[in-house]
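Trainee: I would like to work through this model with you. Please start with the ground rules.

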Amino acid sequence: TLNEENIIHLSLWGPTQKKDTEFYDGLSLSFSLPFKIGNSLKEYVDSKIEEEKQLEDIVKILKPREEITINGINGYTYTTQGLGTFQNIFLQSSDKTCTVEITNATTDPTNQGYQQTVDKILSTFKFVD
């Protein structure tokens, strides 16, 4: 399981974000450190979705699992809503030895272009040796 020490956060507060509140304005992108999974990526993602469904009183699945390609790397994504909206992205290296979980919680109520920045960041993602 992932914990805070295994996650890299990128964030930028938007102009209306207030301290000591839930995140509602700005760029928020989290990357897990690479980890190994014991089954296929699709099975792993489906198990994560099942875990989310167990929290149905506080988490709602907005978009089901679908395929995604980021910078030529295939994976899966699904979107949840709890204290914010979270796009969960799972990518796996071509040799299947490394998996990364990326969480995009970016929200842009004042049209600062944060999602375009996130898209640029993601477009450069790659697995390195």
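Mentor: Helices (H or I, at least four residues) and strands (E, at least two) are DSSP runs, numbered from the N terminus. This is a predicted model: local features need pLDDT of at least 70, side-chain atom pairs count only at pLDDT 80 or more, and totals for chains, interfaces and linings use all residues. Residues are numbered from 1 along each chain as its sequence is written, and side-chain values use heavy atoms, with hydrogens and water left out.

Trainee: Is Asn-88 buried or exposed?

Mentor: Asn-88 has its place in strand S5. Buried means under 20% relative accessible area, exposed over 50%, and partly exposed in between (1.4 Å probe, protein chains only). Asn-88 has a relative accessible area of 5%, so the word is buried.

Trainee: Which residues does Asn-88 touch, not counting residues up to four places away in sequence?

Mentor: Contact means heavy atoms within 4.5 Å. On that test, Asn-88 touches Glu-52, Tyr-76, Thr-77, Tyr-78, Thr-79, Thr-80, Glu-101, Ile-102 and Thr-103.

Trainee: With which side chain does the side chain of Tyr-78 make a polar contact?

Mentor: Tyr-78 is found in strand S4 (residues 73-82) and is buried at 2% relative accessibility. A polar contact is a pair of N or O atoms within 3.5 Å; within protein, one must be able to donate a hydrogen and the other to accept it, and residues adjacent in sequence count only if both atoms are side-chain atoms. Leaving out residues up to four places away, Tyr-78 touches several residues, among them Val-45, Ile-49, Glu-52 and Phe-86. At 3.2 Å, the polar partner is the side chain of Glu-52.

Trainee: Which residues form one aromatic cluster with Tyr-78?

Mentor: Rings of Phe, Tyr and Trp (its six-membered ring) pair if their centres lie within 6.5 Å; planes under 30 degrees apart count as stacked, over 60 as edge-to-face and the rest as tilted. The structure holds five aromatic pairs. One cluster joins Tyr-78 with Phe-35, Tyr-44 and Phe-90.

Trainee: How are Phe-31 and Phe-125 arranged as an aromatic pair?

Mentor: The pair links distant parts of the chain, 94 residues apart: Phe-31 is in strand S2 and Phe-125 in the segment after H2. Phe-31 is buried at 12% relative accessibility, and Phe-125 is buried at 13%. Their rings are 6.2 Å apart, centre to centre, with 10 degrees between the planes, and the pair is stacked.

Trainee: Why is the pair of Tyr-44 and Phe-90 named as it is?

Mentor: Tyr-44 lies in helix H1 (residues 41-53) and Phe-90 in strand S5 (residues 84-92), so the pair ties together parts that are 46 residues apart in sequence. Both Tyr-44 and Phe-90 are buried. The ring centres are 6.0 Å apart and the planes stand at 75 degrees, so the pair is edge-to-face.

Trainee: What distance separates the C-alpha atoms of Leu-122 and Glu-52?

Mentor: Leu-122 lies in helix H2 and is buried, with a relative accessible area of 7%. Its contacts beyond four places in sequence are Leu-29, Phe-31, Ile-70, Asn-71, Ile-89 and Ile-102. Glu-52 is not in that list. The two residues are 70 apart along the chain, and their C-alpha atoms are separated by 24 Å.

Trainee: With which side chain does Asn-104 make a polar contact?

Mentor: Asn-104 lies in strand S6 (residues 99-104). Its relative accessible area is 5%, so Asn-104 is buried. Contacts beyond four places in sequence include Ser-28, Phe-86 and Val-118. The side-chain polar contact, at 2.7 Å, is with Thr-106.

Trainee: What is the phi of Asn-111?

Mentor: Most residues other than glycine have a negative phi. Asn-111 lies in the loop between S6 and helix H2 (114-123) and is exposed, with a relative accessible area of 69%. Although Asn-111 is not a glycine, its phi is positive, about 55 degrees.

Trainee: What is the phi of Asp-20?

Mentor: Asp-20 has its place in the loop between strand S1 (7-13) and strand S2 (26-32). Asp-20 counts as exposed, at 75% relative accessibility. Its phi is positive in a residue other than glycine, near 60 degrees.
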